[in-house]
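Biologist: Got a minute to walk me through this one? I'd like to start with a single helix and work outwards.

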Amino acid sequence: MPATHEVTNQAPPLQGHDVAAYRPLLDGLRANGAGWAQDALHELGTLAGSARAQEWGRVAEKVPPVLHTHDRYGHRIDEVEYHPYYHELMDVSVRHGLHAAPWREEKPGAHVARSAKMFVWCQADAGHLCPISMTYAAIPALRTEPELAALYEPLLGNPVYEPELRAPLEKSALIAGMSMTEKQGGSDVRANTTKAVPNADGSFALTGHKWFTSAPNSDVFLTLAVAPGGLSCFLVPKILPDGSRNTVHLQRLKDKLGNKSNASSEIEYDNALGWPIGEQGRGVATIIKMVNMTRLDCLTCSASAMRLGLSQALHHAQHRSAFGGLLIDAPLMRNVLADLAVEAEAATLVTMRLAGAVDRAGADEHEAELRRIGIAISKYWVCKRAPVHAGEALECLGGNGYVEESGMPRLYREAPLTSIWEGSGNVAALDALRAMARQPATVEAYFAEVEKASGVDARLDDAIALLRKELSDFEDVEYRARRVVELMALVLQGAELHRTGDAAVADAFCATRLGGDWGGAFGTLPTAADTEAILARAAI
Ligand SMILES: Cc1cc2nc3c(=O)[nH]c(=O)nc-3n(C[C@H](O)[C@H](O)[C@H](O)COP(=O)(O)OP(=O)(O)OC[C@H]3O[C@@H](n4cnc5c(N)ncnc54)[C@H](O)[C@@H]3O)c2cc1C
């Protein structure tokens, strides 16, 4: 009998590798003062690349969370049941300090180290990092109210995962969520209608709805509601101090495009108890401290998604032959892969640089201004590039990339999310303009930063000059916001590549993204690009 089912010319699964062994990530880590974290990063990277962790991620996404609104007797319980593998992922994240380590350790480079860990662990599963990111980001907002912070911060920062729902102050560790978006107003949070009525004991009773609240099993939610003094921020626990359930009712879970391991709910607050964080009427100013940190994570996860797609594409091309040779040796495939590598490195380095700005912002004015403007412009651009990158990486696997088992459809569905939440594209671009208008020092900090790379590349110098011209005229600037912000982000990436990246990558980046020697799709690097060096640097 002839053998009809011989399997040949298929790539083996990409498993058992160290996800952290990515040179741009390690260079960015070291350049931003977190070289001390390398061993821990490799430990987490090895776990992220293991068959075990990949299975956790695959199954947690495949078997999405289930909402239980009531118990068998009809009492409201408003709880979400997750697959055990989701809890495994959460446990690793928390034990490795992704949810709070920099606030606890306050060590130079701590935010960079954490961001690099997010980068590697995101490649096991992106969805569960939503509550991890929100917990990390809640702490600066919570510090607005020192008394609450003194009680809650040690619990939010504890590297222990305790998913059981109990009164927060009786637990040893907590997870935080964020509840802003309403049906009639998401980006426009000032259109919020949830009401907060003061009680005699200093608490408030919140009544209203929220259209998106992710991770609804969180112990506490930072929630926006309209108090007598205006839109304000509240800490709303899921379980009250006496052990009873707060009246935070989960109506349903969203059926989302991707991000399925993470539950995102619609909530009704029915006289739910909350405690104010910050002054009444200053809700946006308070919660923006949280949003600024989750925006950094949007960048980190987008850069990580690019690395994941690139790794899968490289791996496939190294094992798959077509027309008599390995795909990795086909000149046009090399162009595509190198172009994807350039994009991923630019995203990775700028993310590490901005995490470094977060680290140094407290003691350094330049870094504080750069953090503000750099995260705003890069949130817009890096997150916008992620879906395009994922689509091209998927195509490198041919038909196999379109099949669920490859993991590429999951990556592709996840990719647009970071560009939507925490400020969708236009809102992110307008936020960058707002930063420049309200804090002109951010513009100076931005130019001071990119001009550190002046004189090394004429295309970068020309782009900086063009940008100065664009920013000298604010006529119709809202209409032009995307163009201006994109150019700012590209220039920052070009400068960072020249300063801390690889010369071949920096050259290809500036030739294409700044110099215009590029087509409309990936795989259009000019002949002069050193694809050999670029691909060597991206090797798995
Ligand atoms: C999976 C998922 C999870 C989420 N989890 C949470 C959560 O935990 N907590 C929470 O509070 N929210 C959450 N959100 C909500 C999310 O933050 C919002 O959906 C997002 O901020 C966009 O707001 P919106 O949906 O109201 O869109 P809109 O504000 O209606 O925006 C629609 C479009 O209009 C554009 N736009 C808006 N204003 C302008 C303008 N002035 N000029 C030009 N264009 C403009 C936007 O860029 C966007 O493209 C989640 C969303 C998703 C998809």
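Biologist: What covers the buried residues of α15?

Modeller: This is a predicted model, where local features need pLDDT of at least 70, side-chain atom pairs count only at pLDDT 80 or more, and totals for chains, interfaces and linings use all residues. Residues are numbered from 1 along each chain as its sequence is written, and side-chain values use heavy atoms, with hydrogens and water left out. Helices are DSSP runs of H or I with at least four residues, strands are E runs of at least two, both numbered from the N terminus, and contact means heavy atoms within 4.5 Å. On that footing the cover includes α10 (331-360), α11 (365-396), α14 (425-438), α16 (458-472) and α17 (481-500).

Biologist: How many of the residues of α15 are buried?

Modeller: Buried means under 20% relative accessible area, exposed over 50%, and partly exposed in between, with a 1.4 Å probe and protein chains only. The buried ones are Thr442, Val443, Ala445, Tyr446, Phe447, Glu449 and Val450. For α15, residues 441-450, that makes it mostly covered, and the count is seven of 10.

Biologist: Why do the rings of Tyr446 and Phe447 count as a pair, and of which kind?

Modeller: Across the whole structure a search turns up seven aromatic pairs. Rings of Phe, Tyr and Trp (its six-membered ring) pair if their centres lie within 6.5 Å; planes under 30 degrees apart are stacked, over 60 edge-to-face, and the rest tilted. Tyr446 is buried at a relative accessible area of 0%, and Phe447 is buried too, at 2%. Their ring centres are 5.3 Å apart with planes at 80°, so the pair is edge-to-face.

Biologist: And which kind of pair do Tyr82 and Tyr86 make?

Modeller: Both Tyr82 and Tyr86 are buried. Their centres sit 3.9 Å apart and their planes are at 10°, so this pair is stacked.

Biologist: Zooming out, what is the radius of gyration of the protein?

Modeller: The fold has 19 helices and 11 strands. The globule rule (2.2 Å times the number of residues to the power 0.38, with the radius taken over C-alpha atoms) gives 24 Å for 540 residues, and the protein comes close to that, so it is as compact as a globular protein of that length, at 23 Å.

Biologist: What share of the contacts with a separation of 6 or more comes from residues 24 or more positions apart?

Modeller: For context, 58% of the 540 residues count as buried. Among those contacts, residues 24 or more positions apart account for 72%.
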